[in-house]
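Ready to explore a protein model step by step? Below are some exercises, each with a worked solution, so have the viewer open and take your time.

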Amino acid sequence: SLRLRFPDRRPMNPAFRRQRPLLPWLVIALLAVMTLGLAGMWKVMPIQPGVDFYQMWGIAKMERASGYRLGSPYRNQDAYQAQLLKTVAERDDRRLAFAVANRQRPDPTGTPLLYYLMGCLPDTYSSTLTAYRIVQVAAFVLSLLILTRPLKLGMATQTALIIALTLSFAPLPFDVGLGNLNCLQLLGLVHAADLMERERQGRLTLSPLLLAWLTALLVLMALAKPNFVFADALLGFHLLLYHRRHAAMILACAAASFLLLVMLGAAPFHSLLVWRDWWDLVFSSSATGLLDRPIEAGNYSTVRLLLDLGMTHGQAMLLIAGCLLLPLIGLLRPPGLASRWSNLDRTLSDPVFHAAAGVVLSLATSPLVWEHYQLLAVIPALWLCRAGATGWGALGWLSLLAFADLPENFNSFAGHIPGWLMILNHSFCWLPLWIGMVMQATAPLAPEDADAMELRPHSAAA
């Protein structure tokens, strides 16, 4: 057949051409102004204790310091707290003492695998935290280098955009200040999607070794911190779909990686049941509600907001599902119906779209969305920016400003924006991205692109 089938090795969308510089430079200028609002956060970064890093590092290190006698951190939080206080008294580390003063009782929401990985870090808290923060910023910048490359902005504009986003993108200093994992999650997803995209474009061949690496990486990210498990799953599905000849190997590698990582996570606690303890504490309805944090505490979950407005959980999820499905109605519009489906067919061959969609789905449906979780929104925003500076692509550029807290920064200067509007900006900032992504993916192809798709020979999946 001459009809195009997976995989399509051409650029994902015919609208993804060289950018007009006006809107990108306007966004860069606004981001540059917004750096003034975050200057204070960056200035005090060296003295921030890294509360999230302290908890992840502390639980891992205290189990080792006790001779592996403390057991499950999800059941024995008091024992871990006592060991932490003992360690602080024995060490001359002001930053560690500050962290313990801010959060004496650890909050064990991390998975056992996460604690195992953090236990591999050095024992010196302050120097390790400093090095970890450098890695976080480097991971963010490297991710931006990969994500902005397809925008074809030119070196000067691309460099200016990366610098402006690094200095003004509000979720970044939150993630770095807390010492969380979202910068590393971002780099992991971008790296995996980039390898798959380079293969789709014919610039790389994924050998069995690379396939095994990508499979293990996705399993690792899902088990270490599953807050963006939709993105991990969609990329895994894409990998399996486009390498059906190696499906048995990929599934075997996934199973082996899963078993190995589960056992590694349980090893410091001497029991596989520690995984059940984690699940019961974080997700069980009988737990204290570790995911049920109020908006006042900084939880910008759409689900949480709708519950606070009086909806039941079922009604909230139904409304979110409606918001996600409504833009798909465009596929049923008669004008250019075949062309719309062809464009969707092409879009679904793009691994970066899968990562972007997974991030949006996770932000839309998660019961817990801290501001630093929104760091990963740069994936769908910059994917949408590929469509150009006009039309639906403009939503990508505007979303960068929304996620960088433009309303809050404006409020700091003008003081006239109500608080509820800023909460809406955080809780529903995924919605314009999703609308733009779906509408761009289902837009009719230009006549010359539709003709090219019909004439291009079929190429089998690798």
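A residue is called buried when its relative accessible area is under 20%, exposed when that area is over 50%, and partly exposed in between. Keep in mind that this is a predicted model.

**Exercise 1. Describe the protein chain as a whole.**

Task: Find how many helices and strands the protein chain has, and what share of its residues is buried.

Solution:
- Step 1. Begin with the secondary structure: the protein chain has 23 helices and 0 strands.
- Step 2. Turn to burial. The chain has 462 residues, and 53% of them are buried.
- Step 3. Look at how contacts span the sequence. Of the contacts with a separation of 6 or more, 80% join residues 24 or more positions apart.

**Exercise 2. Place asparagine 180 in its surroundings.**

Task: Work out where asparagine 180 sits, and which residues it touches.

Solution:
- Step 1. Locate the residue: asparagine 180 belongs to the loop between α8 (171-178) and α9 (182-200).
- Step 2. Apply the cut-off. Buried means under 20%, and asparagine 180 has a relative accessibility of 7%, so it counts as buried.
- Step 3. List the neighbours. Leaving aside residues up to four places away in sequence, asparagine 180 touches Asp52, Met56, Tyr132, Gln136, Asp175, Lys225 and His372.
- Step 4. Pick out one of these neighbours, aspartate 52: its side chain makes a polar contact of 2.6 Å with the side chain of asparagine 180.

**Exercise 3. Follow the salt bridges.**

Task: Say how many salt bridges the count comes to, then examine three of them, starting with lysine 61 and aspartate 123.

Solution:
- Step 1. Recall the idea: side chains of opposite charge can pair when their charged atoms come close. The count here comes to 10 salt bridges.
- Step 2. Take lysine 61 and aspartate 123, whose side chains meet in a salt bridge at 2.8 Å, N to O. Lysine 61 is in helix α2 (residues 51-65) and aspartate 123 is in the loop between α5 (112-118) and α6 (125-148), so this pair ties together parts that are 62 residues apart in sequence.
- Step 3. Check the accessibility of both partners. Lysine 61 is buried at 5%, while aspartate 123 is partly exposed at 42%.
- Step 4. Move to helix α9, where aspartate 194 and arginine 198 are 4 residues apart, or about one helical turn. Their side chains form a salt bridge at 3.7 Å, N to O. Aspartate 194 is buried, with a relative accessible area of 7%, and arginine 198 is partly exposed, at 27%.
- Step 5. Stay in helix α9 for glutamate 197 and arginine 200, which are 3 residues apart, about one turn of the helix. Their side chains meet in a salt bridge at 3.9 Å, N to O, and both residues are buried.
- Step 6. Widen the view: Glu197 and Arg200 join Asp350 and Arg386 in a network of salt bridges.

**Exercise 4. Explore the pockets.**

Task: Give the volume of the largest pocket and of the second largest pocket, and describe what lines them.

Solution:
- Step 1. Start with the largest pocket, which holds about 1,300 Å³ of space. Its lining has 48 residues, and those closest to the centre are Leu290, Leu291, Leu368, Trp370 and Tyr373.
- Step 2. Sort the lining of the largest pocket by class: 25 residues are nonpolar, 15 polar and 8 charged.
- Step 3. Go on to the second largest pocket, with a volume of about 460 Å³. Of the 20 residues lining this pocket, Leu117, Leu181, Leu184, Gln185 and Leu220 lie nearest its centre.
- Step 4. Sort this lining too: 16 residues are nonpolar, 3 polar and 1 charged. The elements α5, α6, α9 and α10 (208-224) each supply at least two of the lining residues.

**Exercise 5. Look at two backbone angles.**

Task: Find where lysine 152 and histidine 270 lie, and whether each is exposed or partly exposed.

Solution:
- Step 1. Lysine 152 lies in the loop between α6 and α7 (155-168). Its phi is near 55°, a positive value in a residue other than glycine.
- Step 2. Histidine 270 is in the loop between α12 (247-266) and α13. Phi of histidine 270 is near 60°, also positive in a residue other than glycine.
- Step 3. Finish with accessibility: lysine 152 is partly exposed at 44%, whereas histidine 270 is exposed at 57%.

Note on methods
Residues are numbered from 1 along each chain as its sequence is written. This is a predicted model: local features need pLDDT of at least 70, side-chain atom pairs count only at pLDDT 80 or more; totals for chains, interfaces and linings use all residues. Side-chain values use heavy atoms; hydrogens and water are left out. Buried means under 20% relative accessible area, exposed over 50%, partly exposed in between (1.4 Å probe, protein chains only). A polar contact is a pair of N or O atoms within 3.5 Å; within protein, one must be able to donate a hydrogen and the other to accept it, and residues adjacent in sequence count only if both atoms are side-chain atoms. Contact means heavy atoms within 4.5 Å. A salt bridge is a side-chain nitrogen of Lys or Arg within 4 Å of a carboxyl oxygen of Asp or Glu. On a 1 Å grid over the protein atoms alone, a cavity is a set of points where a 1.4 Å probe fits but cannot get out, and a pocket is an open set with protein on both sides within 12 Å along at least five of seven lines; lining residues have an atom within 4 Å of a point. Grid points are joined across faces, edges and corners, and a volume is the space filled by probe spheres set on the points. Ala, Val, Leu, Ile, Met, Phe, Trp, Tyr, Cys and Pro count as nonpolar, Asp, Glu, Lys and Arg as charged, and the others, Gly among them, as polar.
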